[in-house]
Amino acid sequence: MSRTIKRCFDKNLTFLKMLEAHERAKRGKMGRLEVFNFELNLECNLINIIEKIRLGQYQIGQYRSFTVYEPKERVIKALPYVDRVVHQWYVHEFIKPYFIPRLITNTFACLDNRGTHKAVDALQRYIRIMKRNYGTNYYILKMDVKKFFYTIDQKILFNIMRKYIKDKKLLAFTKLLISNDEKIGIPIGNYTSQFFANIYLNELDQYVKHILKIKYYVRYMDDFVILVDNKEKAKVIKEKINNFLNFNLKLSLNAKSRYYPNRMGVDFCGYRIWSTHRLVRNRCKKKIRKQIKRWNKLYISHKLDKKKFILAFNSWLGHIKHADSFNLKKQMIRQISFITMI
């Protein structure tokens, strides 16, 4: 792979590639009015996007903000559909072919053929290796970044991108996509944000793997786990990582980041993990119990949408099947008063 990205912007700015970006952007959104309106004059809309980008006249649209409360309270910023098409084009044509191959294999968030379950599999495999090599004496560092997306420094992110991008048009366009109304942070909700965030923390990944020489390290976005053979080493590594984040990325570890003996297992990506087994996180159990109570009430009042129930419950079953959950599954099914009637 070339060390830098050169002469690629114009050759990827074509009608066919923008059409493919639209096809990706509209998946799961076919019922939305803005998608319908965009497709009414599809050819002209795509040509208009291409011409604006080519002439340097493209500007990011107005954000629409809303708050979600699961799994925790976060402010989401959504762009108009036309911008989501542009983001799809940018990520598919430049980020995925040029930047994703530079990431380490042990980062798992928002990447094709990776994800939470493979992150959990990798971590449990490392736990078993550590147990085989060190018995019950090794330590776990469980860390995450405080308010990660909200504290990403846009200048530092741009400088990271600039190390690899030598195409002037692509670099200028990248700066446009990184910049927003806020001086610090990138919007949760942009398709580009998850990739920019991974590239940002790749600096940490490279430091951990190549400077600290940590062998057993797994990251899922801003949550990461390190396994080491003793408490003193864990303490030193935690301090070095915190210093690196502060000095190089202007980030800080969350106060709940800590190191502890391995017998306590690891709470990671929705599961509690040990060498011998894994369990569903307690938060997940509380959430499904609350949801079941709601479903039961809706069923009694004849307001239950059965299709939505089946999709939601099957999604939960798909999550717990990656843990030792036979008894939990039976217990939850028994609590659904109407399940034999569907």
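Reader: Where in the chain does Lys147 lie?

Author: In this predicted model, Lys147 is part of the loop between strand S3 (139-144) and helix H7 (148-151). Its phi is positive, about 45°, although Lys147 is not a glycine. Most residues other than glycine have a negative phi.

Reader: What makes Lys147 count as buried or exposed?

Author: A residue is called exposed over 50% relative accessible area. Lys147 has a relative accessible area of 57%, and is therefore exposed.

Reader: Which loop holds Lys213, and what makes Lys213 buried or exposed?

Author: Lys213 is found between helix H10 (191-211) and strand S4. Lys213 also has a positive phi, of about 60°, although it is not a glycine. The relative accessibility of Lys213 is 62%, so with a cut-off of over 50% the residue counts as exposed.

Reader: Why is Gly270 called buried or exposed?

Author: Buried means under 20% relative accessible area. The value for Gly270 is 12%, so Gly270 is buried. Gly270 sits in the loop between S7 and S8. Leaving aside neighbours within four places in sequence, Gly270 is in contact with Leu279, Val280, Arg281 and His319. Val91, by comparison, is 179 residues from Gly270 in sequence, and the two C-alpha atoms are 27 Å apart.

Reader: Where is Leu16, and on what value is it called buried or exposed?

Author: Leu16 belongs to helix H2 (residues 15-25). With 54% relative accessibility against a cut-off of over 50%, Leu16 counts as exposed. The C-alpha atom of Leu16 is separated by 48 Å from that of Tyr299, 283 residues away along the chain.

Reader: How do you know whether the span of helix H6 agrees with its number of residues?

Author: H6 (residues 116-134) has 19 residues, which at 1.5 Å a residue should span 27 Å. The expected span takes one less than the number of residues. The end C-alpha atoms of H6 are 27 Å apart, which agrees with the expected value. Just after H6, Gly135 takes a positive phi of about 65°.

Reader: Which residues of H6 are buried, and what do they pack against?

Author: The buried residues are Ala119, Val120, Ala122, Leu123, Gln124, Tyr126, Ile127, Ile129 and Met130. They pack against strands S4 (217-220), S5 (223-228), S7 (266-268), S8 (271-273) and S9 (278-280).

Reader: What makes the packing of H8 and H9 roughly parallel or antiparallel?

Author: Helix H8 (residues 154-164) and helix H9 (residues 168-178) pack at about 155°, with axes 10 Å apart. Angles over 145 degrees count as roughly antiparallel. H8 and H9 are therefore roughly antiparallel to each other. Their crossing is right-handed. On the H8 side the contact is made by Gln154, Leu157, Phe158, Met161 and Arg162, and on the H9 side by Leu171, Thr174, Lys175 and Ile178. These residues divide into 5 nonpolar, 2 polar and 2 charged.

Reader: Why is the pair H12 and H14 described as roughly parallel or antiparallel?

Author: The angle between helix H12 (residues 282-300) and helix H14 (residues 326-335) is about 25°, and their axes are 10 Å apart. An angle under 35 degrees counts as roughly parallel, and H12 and H14 are therefore roughly parallel to each other. The two helices cross in a right-handed sense. Lys285, Ile288, Arg289, Ile292 and Asn296 of H12 meet Leu328, Gln331, Met332 and Gln335 of H14. By class, the contact residues are 4 nonpolar, 3 polar and 2 charged.

Reader: How do you know the orientation of H12 to H13, parallel or antiparallel?

Author: H12 packs with helix H13 (residues 306-320) at about 160°, with the axes 12 Å apart. Set against the cut-off of over 145 degrees, that makes H12 roughly antiparallel to H13. The crossing of H12 with H13 is left-handed. Cys284, Ile288 and Trp295 in H12 meet Phe309, Ala312, Phe313, Trp316 and His319 in H13. This contact has 7 nonpolar residues, 1 polar residue and no charged residues.

Reader: How many helices and strands has the protein chain, and what percentage of its residues count as buried?

Author: The protein chain has 14 helices and 9 strands. Of its 342 residues, 46% count as buried. The C-alpha trace spans about 60 × 60 × 30 Å along its principal axes. Among contacts with a separation of 6 or more, 73% are between residues 24 or more positions apart.

Key: Residues numbered from 1 in each chain as written. Predicted model: local features only at pLDDT ≥ 70, side-chain atom pairs only at ≥ 80, totals over all residues. Heavy atoms only, no water. Axes fitted to C-alpha atoms, helices over the stretch in contact; angles between N-to-C directions. Helix = DSSP H or I, 4+ residues; strand = E, 2+ residues; numbered from the N terminus. Parallel < 35°, antiparallel > 145°, perpendicular 65-115°, else oblique. Left-handed = near helix turned anticlockwise from the far one by under 90°. Contact = heavy atoms within 4.5 Å. Nonpolar A, V, L, I, M, F, W, Y, C, P; charged D, E, K, R; others polar. Buried < 20%, exposed > 50% of the residue type's maximum accessible area, 1.4 Å probe, protein only.
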